[in-house]
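Here are a few worked exercises to try with the model open beside you. Have a go at each task before you read on to its solution.

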Amino acid sequence: GTASGMRYTSRIAVYKVCWPKGCANSDILAAVDQAVSDGVDVLSLSLGSDPKPFYDDLIAVASFGATKKGVFVACSAGNSGPFPSTVGNGAPWIMTVAASSTDRSFPTEVMLGNGKFFKGTSLYQGNLTNQLPLVFGKSAGTKKEAQHCSEGSLDPKLVHGKIVVCERGKNGRTEMGEVVKVAGGAGMIVLNAENQGEEIYADLHILPATSLGASEGKTIETYIQSDKKPTASISFMGTKFGDPAPVMGAFSSRGPSIVGPDVIKPDVTAPGVNILAAWPPKTSPSFIMNDKREVLFNILWGTSMSCPHVSGIAALLKSLHKDWSPAAIKSALMTTAYTLNNKGAPISDMASDNKAFATPFAFGSGHVNPVSAFDPGLVYDIGTEDYLNYLCSLNYTSSQIALLSRGKFVCSKKAVLQAGDLNYPSFAVLFDRSALNANVTYTRVVTNVGKPQSAYAVKVKQPDGVSVT
């Protein structure tokens with residue numbers, strides 16, 4: 001079939017800032033400044049580091065300069081989930097994007113010799129439908145690393161013509177497949193370790209192989225230990241549509257932000273699990289040096305996949321609303337985002353065994369809705385001075401603010417500045433733990449971008465234990 005991106009008629013300018021040994025701050029700053037000088041409308045930055053104060057965060061510094069010039073900046077939230085307060089790129093002038101699934105999957109079925117079967121995922125094509133002997137750990141090699149299928153750990157005499165079970169932890173999923181293939185194995189089942197939960201990835205393996213979650217892994221390991229002649233088969237079912245979606249990726253970094261907790265981060269979520277993405281033919285699609293296949297597209301995951309989705313939608317909005325500021329575009333995307341999946345249930349989270357409901361610290365305002373964002377009705381606009389006053393409310397010094405503003409800015413000594421008063425499209429209210437009763441008042445200004453004569457009704461769904469007026 002035919003596939004296209006979010007804004008497939010966009011012109012793309014690419015600025016290289018990363019090399020095999022990393023990305024230099026000086027290159028990032030120079031590239032962003034050059035892009036702004038070249039007249040780009042949108043910056044898509046799939047870059048990030050550990051959370052740090054905005055004046056010490058080179059992406060925050062570079063993107064502030066771009067935002068001042070009217071350039072919309074989208075950044076990846078990071079892939080350090082599901083642990084809390086791991087979200088990066090949390091500056092309020094950045095559109096911080098989390099990652100979630102689509103309704104498309106690449107299912108497999110593992111059938112054990114005892115009749116039990118499990119659903120997995122893989123991009124391998126073909127079948128291994130005959131029941132073959134199943135080996136794991138000591139039955140695959142004498143070395144301790146055999147359960148992780150590390151290089152040189154498998155005994156060819158023990159694994160030849162068999163399906164090898166490999167537990168994640170030591171090396172990459174496709175790398176384990178190469179170890180199994182070199183040792184003469186006929187297939188591979190990759191199991192998540194307990195701390196990796198049920199989130200599984202579709203990989204372009206070099207032999208018949210599939211991934212399974214941690215709970216299935218325990219069952220399979222028990223079966224191998226208890227059965228004298230354990231066997232299994234693997235069926236590959238191609239592409240399937242109609243899964244409940246979106247579901248938050250467990251890897252997607254979470255809030256609350258430790259740098260600016262008065263702003264909910266991430267801002268939104270977008271497709272970032274098993275995404276069809278352009279790929280350089282000179283690079284192996286499995287990341288294995290000995291894999292000589294050449295492809296123009298690959299299936300990838302990460303907030304580096306979800307960020308460009310939002311960048312493309314921002315380009316669409318910019319082409320229709322040329323007078324909208326970066327903050328207005330961001331507001332439109334946030335206030336029209338949805339929090340229910342395609343089955344009408346709240347968005348769930350791959351990070352939990354039972355895929356419990358996700359929270360705003362996982363998906364922000366929700367999943368982006370390109371069509372609704374074109375006509376949001378009201379927007380929360382923010383100017384450069386508003387951001388600088390926000391930095392004042394964080395008690396940044398004049399020299400620290402100057403690193404971001406690239407010029408002198410003096411915080412007002414008369415005005416009472418609250419971080420929560422930044423004209424943001426969401427509210428984060430921080431209560432004093434020791435106070436039995438606390439009142440917080442925040443101010444917002446909305447701008448009507450809908451019909452000139454419009455009426456808007458306010459509805460509040462307040463959290464338990466909190467009264468909202």
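**Exercise 1: a cysteine link**

Cys149 and Cys166 form a disulfide, with their sulfur atoms 1.9 Å apart. (A disulfide here is a pair of cysteine sulfur atoms within 2.5 Å.) This is a predicted model, in which local features need pLDDT of at least 70 and side-chain atom pairs count only at pLDDT 80 or more, while totals for chains, interfaces and linings use all residues. Residues are numbered from 1 along each chain as its sequence is written, and side-chain values use heavy atoms, leaving out hydrogens and water.

Task: work out the handedness of the link between Cys149 and Cys166, and find where each partner sits in the chain.

Solution.
1. Start with the torsion about the S-S bond: it is about -80°, so the disulfide of Cys149 and Cys166 is left-handed.
2. Next, place the partners: Cys149 is in the loop between S9 and helix H3 (156–159), and Cys166 is in strand S10, 17 residues apart. (Helices, H or I with at least four residues, and strands, E with at least two, are DSSP runs numbered from the N terminus.)
3. Then check accessibility: Cys149 is buried at 0% relative accessible area, and Cys166 is also buried at 0%. (Buried means under 20% relative accessible area, exposed over 50%, and partly exposed in between, with a 1.4 Å probe and protein chains only.)

**Exercise 2: the strand around Cys166**

Task: describe how strand S10 (residues 163–167) is enclosed, and name the strands with which S10 pairs.

Solution.
1. Five of the five residues of S10 are buried, so the strand is largely enclosed by the rest of the structure.
2. Look at the directions: Ile163, Val165 and Glu167 point one way, and Val164 and Cys166 the other way. In a regular strand, side chains alternate between the two faces of the sheet.
3. Strand S9 (residues 128–136) pairs with S10 in the parallel sense over three bridges, and Phe136 stands opposite Val165. (Strands pair if DSSP finds at least two bridges between them.)
4. S10 also pairs in the parallel sense with strand S11 (residues 187–191), over five bridges; there, Ile189 is the bridge partner of Val165.

**Exercise 3: two cysteines left over**

Task: explain why Cys307 is not bonded to Cys75.

Solution.
1. The sulfur of Cys307 is 6.1 Å from the closest cysteine sulfur, in Cys75, which is too far for a bond.
2. Both are shielded: Cys75 counts as buried at 0% relative accessibility, and so does Cys307 at 0%.
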